[in-house]
Amino acid sequence: MLQLLITLRVYATGSFYITLGDFAGLHKSTVCQIIKKVTHSIASLSPKFIRLPQNEEIVKVQEEFYDIARFPRVVAALDCTHVRIISPGGDTAENFRNRKCYFSINVQAMCNARLKFQNIVARWPGSTHDSMIFLNSAAKWHFDNNNFNNAQRLYNESQIRTRNVIERCFGVWKRPFPVLSIGMRCKLPLVQDIIVASAIIHNLAIEMHEEEPPVDPEVNVQVELTCQNMEFVISDDSDTRNSLLEYFESLIRL
């Protein structure tokens, strides 16, 4: 229990290991090993707690998204957000400097209408464009292989309102874990494990119907809002696009 609490305190405060060691009566090297072990153990549970919907789950997810803004056949909201890190050093360090000039991991995530993560990719340097991450993701492979259904005023409004789900998800996720916003002073493998582990804890909190954490005025949690972020995973063919437009035109006539 002590090891778990020490690890959660790192997620919640981003404290230096020596400070946590003084708090718990442990040497900072012991604290380091505890955080690595516990974080890796939690992150290893991702196949169980972070997964895309399957079979009858797909219909339920689509219905929940439809209830938001009557946008049909949506199985996930997808976007990217930056998690701040210190410079990883080495010849490739500048690859991690994003367009806002700080070092980060560009994290791609997908969530359902309940703000529960369905997929998370936490391995790309901050300078990587969002579209590049998606084009090389397992999620794209699932959609390209038809594992899901193929998915300009009323259409745009519904699209924006549905997309807001992932932006809100990022905010709720980062709120109890300020370390994701203020920056992590550890090596990249541990950074990646902390991102996944905190996403698992976020999902568990939703499953257990925990209240959303309150906003801490002393912690500035910024959600990335840029025009280049992706919106929905839908087919580019004209038939699909025309079908969607016809659908929203029918809503106007109701």
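In strand β2, Ser 104 is the bridge partner of Arg 84, and another bridge in β2 joins Val 107 to Thr 81. The model is a predicted one, in which local features need pLDDT of at least 70 and side-chain atom pairs count only at pLDDT 80 or more, while totals for chains, interfaces and linings use all residues. Residues are numbered from 1 along each chain as its sequence is written, and side-chain values use heavy atoms, with hydrogens and water left out.

The bridges just named belong to a wider pairing, as β1 and β2 (residues 104-111) run antiparallel to each other over eight bridges. Two strands are taken to pair if DSSP finds at least two bridges between them. With β3 added, the three strands make an open antiparallel sheet in the order β1-β2-β3. Because β1 (77-84) and β3 (117-125) each have a single partner strand, they stand at the edges, and one side of each is left without a neighbour in the sheet. From one strand to the next, the twist averages 20°. Helix α10 (residues 188-207) packs on this sheet and touches β1, β2 and β3, and its direction makes about 165° with that of β3. Contact here means heavy atoms within 4.5 Å; axes are lines fitted to C-alpha atoms, for helices over the stretch in contact, and angles run from 0 to 180 degrees between N-to-C directions.

Although β1 is an edge strand, seven of its eight residues are buried, so β1 is largely enclosed by the rest of the structure. Buried stands for under 20% relative accessible area, exposed for over 50%, and partly exposed for values in between (1.4 Å probe, protein chains only). Across the protein, buried residues make up 46% of the 254 residues. The sheet sits within a fold of eleven helices and three strands, which follow the pattern α-α-α-α-α-β-β-β-α-α-α-α-α-α along the sequence. These elements are DSSP runs numbered from the N terminus, with helices (H or I) of at least four residues and strands (E) of at least two.

The loops that join the strands each hold a residue with an unusual backbone angle to look at. In the loop between β1 and β2 lies Cys 101, a residue other than glycine with a positive phi, near 75°. Leu 115, in the loop between β2 and β3, also has a positive phi, near 70°. As for their surroundings, Cys 101 is exposed at 55% relative accessible area, whereas Leu 115 is buried at 5%.

Turning to charged side chains, a search of the whole structure finds seven salt bridges. The criterion is a side-chain nitrogen of Lys or Arg within 4 Å of a carboxyl oxygen of Asp or Glu. One of them pairs Glu 212 with Arg 168, at 2.4 Å from N to O. Because Glu 212 lies in the loop between α10 and α11 (238-253) and Arg 168 lies in helix α8 (residues 153-174), the pair ties together parts that are 44 residues apart in sequence. Glu 212 is partly exposed at 38%, and so is Arg 168 at 45%. Elsewhere, salt bridges that share partners join Arg 114, Lys 116 and Glu 207 into one network. Within this network, the side chains of Glu 207 and Arg 114 meet at 3.6 Å, N to O. Glu 207 is partly exposed, with a relative accessibility of 36%, and Arg 114 is partly exposed at 33%. A further salt bridge links Arg 51 to Glu 57, whose closest N and O atoms are 2.9 Å apart. Both ends of this bridge can be reached in part: Arg 51 is partly exposed at 37%, and Glu 57 is partly exposed at 28%.

Several of these charged residues return in the second largest pocket. Its lining has 16 residues, of which Arg 51, Glu 57, Asn 112, Arg 114 and Lys 116 lie nearest the centre. The elements giving two or more residues to this lining are α4 (46-49), α5 (56-69) and β3, with the largest share, four residues, coming from α5. The second largest pocket holds about 290 Å³ of space. On a 1 Å grid over the protein atoms alone, a pocket is an open set of points where a 1.4 Å probe fits, with protein on both sides within 12 Å along at least five of seven lines, and lining residues have an atom within 4 Å of a point. Grid points are joined across faces, edges and corners, and the volume is the space filled by probe spheres set on the points.
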